[in-house]
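Visitor: Could you take me on a close look at a single part of this structure? I would like to see how the aromatic rings are arranged and what lies around them.

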Amino acid sequence: MTAVQRKDHLDTFAITLLVACCAFWGFQQILIKFASREIPPLWQASIRMWGATALLWLWCQYRGVPLFKRDGTLWGGLLVGLLFAGEFCFIYLGLQHTSASRLTVFLYTSPFWVALLLPRFVAAEKLRRIQWVGLCVAFGAVAVAFSEGFMHSSPVAGQWMGDAMGLAAGMLWGLTTLAIRTTKIATVSAEKSLFYQLGVTAAVTPLLSIALGETWSLNYSALAWGSIFLQTAVGAFASYLAWMWMLRHYPATQMATFTFLTPVFALVFGVVLLSEPLTLQLVLALLGVAAGIVLVSRKKG
């Protein structure tokens, strides 16, 4: 098997791709929240994962990427798939109890799990002191952006439950990244790695949907189906495939810090699409995240 060539820093291509992914992920929570007005959460997740799994299989057929060849990755793949499934179950269920913005900031505690745990297994991922400073600056900036929301009680019943689910999803995302980098999954193609995650989730979510007594239907509005299409084709297929590919070629700790852009993008979309005010907190967050990314992405010198 050809060894994967890894880089020790993020180049211009990786940074551009990461920013594009984060921009969509900032919009994705809004899509999920919107569609949840009509579609039960885990049934929505099931439709999305079935569609994304089918798209990925077609892509692999076209590219000639083997998915079912025995290569000793089954158990690692199942572990990664279950962690991924747990993350998305918590996201879809959590959005029923808290706002998209609050869940997003809790979800993006994921880089801390990566930064804390991955260097214990992969020496090359160890962060230097200046990179730890950048990580803290970026996270602190995101917290500032949401400070007004934290200072006021929310009228949403059971919000603490949604917040806890956001935290759990963030932890599972971090553990998924850890499992990908420390098991044989690190040696397979990005397509096969993602296939494990989507396939297992596509199997788990409908079972949980049935267990929760959700009503299944396909009779939804064009806007709801549009949301599902974007979640499936752009989110679960294209952007996650790009993320899996980058995990095989670039430092995961540096990549993880870029995900702090996502909740900031979520706020920007709120300003642009929902006419929300451009607050001082948002401006400080944009500056802080940018500074944190510069610090974490610095080469040794």
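Guide: Let's start with a cluster: Trp25, Phe84, Phe88, Trp173, Tyr240 and Trp243 are linked to one another by ring pairs. Please keep in mind that you are looking at a predicted model.

How many aromatic pairs are there by the rule used here? The count comes to 17. Take Trp50 and Trp216 as one example: their rings form an edge-to-face pair, with 6.3 Å from centre to centre and 75° between the planes. Trp50 belongs to helix α2 (residues 41–63), while Trp216 sits in the loop between α9 (190–211) and α10 (222–249), so this pair ties together parts of the chain that are 166 residues apart in sequence. Are these two rings buried or exposed? Trp50 has a relative accessibility of 37%, so it counts as partly exposed. Trp216 is partly exposed as well, with a relative accessible area of 36%.

Now come back to the cluster and look at Phe88 and Tyr240. Their ring centres are 5.8 Å apart and their planes meet at 65°; because an angle over 60 degrees counts as edge-to-face, that is what we call this pair. Here, too, distant parts of the chain are linked: Phe88 is in helix α3 (residues 74–94) and Tyr240 is in helix α10, 152 residues apart. Phe88 has 2% relative accessibility, which means that it counts as buried. Tyr240 is also buried, at a relative accessible area of 9%.

What lies beside these rings? The structure holds one cavity of 30 Å³ or more, and about 200 Å³ of space lies in the largest cavity. Its lining is made by 19 residues, and those nearest the centre are Phe84, Glu87, Phe88, Trp173 and Tyr240. You have already met Phe84, Phe88, Trp173 and Tyr240 in the ring cluster. As for where the lining comes from, at least two residues each are supplied by α1 (12–35), α3, α8 (159–182) and α10. Sorted by class, the lining has 13 nonpolar, five polar and one charged residues.

Phe84 also leads us to another spot worth a look. Thr201, in helix α9, is in contact with Met49, Gly81, Phe84, Ala85 and Pro206, once its neighbours within four places in sequence are left aside. Is Thr201 buried or exposed? With a relative accessibility of 0%, Thr201 counts as buried.

You may also wonder about the cysteines. A disulfide is a covalent bond between the sulfur atoms of two cysteines. Searching the whole structure turns up zero disulfides. Why does Cys21 not form one? The closest cysteine sulfur to that of Cys21 belongs to Cys22, and it is 6.9 Å away, which is too far for a bond. Cys21 is buried, with a relative accessible area of 4%, and Cys89 is buried at 9%.

Finally, let's step back to the whole chain. It has 13 helices and zero strands. Of its 301 residues, 53% count as buried. Among the contacts in the chain with a separation of 6 or more, 88% are between residues 24 or more positions apart. The pair of Phe88 and Tyr240, 152 residues apart, shows you one such link between distant parts of the chain.

Notes: Residues numbered from 1 in each chain as written. Predicted model: local features only at pLDDT ≥ 70, side-chain atom pairs only at ≥ 80, totals over all residues. Heavy atoms only, no water. Phe/Tyr/Trp six-rings, centres within 6.5 Å; stacked < 30°, edge-to-face > 60°. Helix = DSSP H or I, 4+ residues; strand = E, 2+ residues; numbered from the N terminus. Buried < 20%, exposed > 50% of the residue type's maximum accessible area, 1.4 Å probe, protein only. 1 Å grid on protein atoms, 1.4 Å probe; cavity = no way out; pocket = protein on both sides within 12 Å on 5 of 7 lines; lining within 4 Å. Points joined across faces, edges and corners; volume = space filled by probe spheres on them. Nonpolar A, V, L, I, M, F, W, Y, C, P; charged D, E, K, R; others polar. Contact = heavy atoms within 4.5 Å. Disulfide = S-S within 2.5 Å.
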